[in-house]
There are 2 protein chains.
Amino acid sequence: MSDFTKTRGYAIGEMSKSTGVNIETIRYYERIEIMPKPDRTAGGNRQYNHDQLKRLSFIKRSRELGFSIEEIRALLTMVDRSDFTCGEVHSMTTEHLASVKEKILALHRLEHALETMAAECGRGDVPDCPILDTLFEVGVAT
Amino acid sequence: MSDFTKTRGYAIGEMSKSTGVNIETIRYYERIEIMPKPDRTAGGNRQYNHDQLKRLSFIKRSRELGFSIEEIRALLTMVDRSDFTCGEVHSMTTEHLASVKEKILALHRLEHALETMAAECGRGDVPDCPILDTLFEVGVAT
DNA sequence: TCTTGCATCTGTAGCCGCTACAGATCGCAT
DNA sequence: ATGCGATCTGTAGCGGCTACAGATGCAAGA
């Protein structure tokens, strides 16, 4: 493919295939204004350019890294204004990292609790179960 | 407090305080039918009994352990019918445990990616940032 | 040129698990 | 009797999509 073909732009389906972002989601991103309104063909179909492809793939990666839409919006706003320092981006990232670490800890506690319950369970064919017993205990200290 | 006072039942606010479940959420649980319709006072306020308190606290604990509402509904349905074996409960639990472990793995990968990005970042006062660069790379293999 | 058939369009409603109102009523203490 | 907090119903919103319906666009083959 030459650069020439590229200048025709990308249809939404191509954007979707390139980035792995669902078509409906791309339109959703436009609605919530983290993607710009693209050009349209004479008939009204969306036509994206390479910058927009890059932007969408940025969003996709960031989502995969667990950034919220609002975090991504903040990053993109800074980028759009060319109004950011590397330090700012770094601190957003480490902040997000901290919340990821917290989630991991919470899940580990959960894992432990579930494992304990499962271990205490004889899993017999009897209608009686230490797991349910545990879950049904009414908390004492309120 | 004697058993006598208890027979008057619990107001929704007491249920909320005892279990830590938000009042609005208790009503929501009633609407989606994982909590039964409680008695009402003459004036129409909800009056719960001890079984219902136990049930709500069961739901709370299960939610804290990450069970979905539908999983909880399944558990409670079995309990209501007295139609379960310990083995069934055990397998629901271990299934859920597996999905928790998966989430932990995914978050660890994420943690690693974020740490790598952050480490490469000089966090200077300059308007240029390896984190953004990484995020903006357009995927090659599509 | 016409047709076929996939791609895309807009708009709206639904998903989960709550949460947050508004505006009315209840119920308990003084 | 009155004041005021607790509770009531009903509805709409959150995040982040996803799933329609029903109408068009567009490109390739006959």
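**Exercise 1. Find which residues come nearest to DNA strand D, and describe the surface near the strand.**

Step 1. In this predicted model, 20 residues lie around DNA strand D. A residue counts as near if one of its heavy atoms lies within 4 Å of the strand. Tyr29(A), Thr41(A), Arg63(A), Arg27(B) and Arg46(B) come nearest.

Step 2. Sort the surface by class. It has 6 nonpolar, 9 polar and 5 charged residues. Here Ala, Val, Leu, Ile, Met, Phe, Trp, Tyr, Cys and Pro are nonpolar, Asp, Glu, Lys and Arg are charged, and the others, Gly among them, are polar.

Step 3. Assign helices (DSSP runs of H or I, at least four residues, numbered from the N terminus). α3 (23–31) of chain A, and α2 (12–19) and α3 (23–31) of chain B, each supply at least two residues. α3(A) gives the most, with 4 residues.

Step 4. Look at the DNA side. Of the strand D atoms within 4 Å of the protein, 81% belong to sugar or phosphate and the rest to bases.

Step 5. Check the phosphate oxygens of strand D. One is 2.9 Å from a side-chain N or O atom of Tyr29(A). For Arg63(A) the distance is 2.8 Å. A polar side-chain atom of Arg40(B) lies 3.0 Å from a phosphate oxygen.

A note on conventions: residues are numbered from 1 along each chain as its sequence is written, and chains are lettered from A and ligands numbered from 1 in the order in which they are written. Local features need pLDDT of at least 70, side-chain atom pairs count only at pLDDT 80 or more, totals for chains, interfaces and linings use all residues, and side-chain values use heavy atoms, with hydrogens and water left out.

**Exercise 2. Describe the contact between chain B and chain A.**

Step 1. Count residues. Chain B gives 57 and chain A gives 57, with contact meaning heavy atoms within 4.5 Å.

Step 2. Take the area. The two chains bury about 4,900 Å², 77% of it on carbon and sulfur atoms. Buried area is the accessible area (1.4 Å probe) lost when two parts are put together, summed over both. Cys86(B), Leu135(B) and Phe136(B) supply 13% of the area that chain B buries, more than any other three residues.

Step 3. Count salt bridges (Lys or Arg side-chain nitrogen within 4 Å of an Asp or Glu carboxyl oxygen). There are 4. Lys101(A) and Glu111(B) form a salt bridge at 3.0 Å, N to O.

**Exercise 3. Is Ser82(A) buried or exposed?**

Step 1. Locate Ser82(A): the loop between α5 (69–81) and α6 (86–119) of chain A.

Step 2. Ser82(A) is exposed because its relative accessible area is 59%. The cut-offs are under 20% for buried, over 50% for exposed, and partly exposed in between (1.4 Å probe, protein chains only).

Notes:
Polar contact = N/O pair within 3.5 Å; in protein donor to acceptor, adjacent residues only side chain to side chain.
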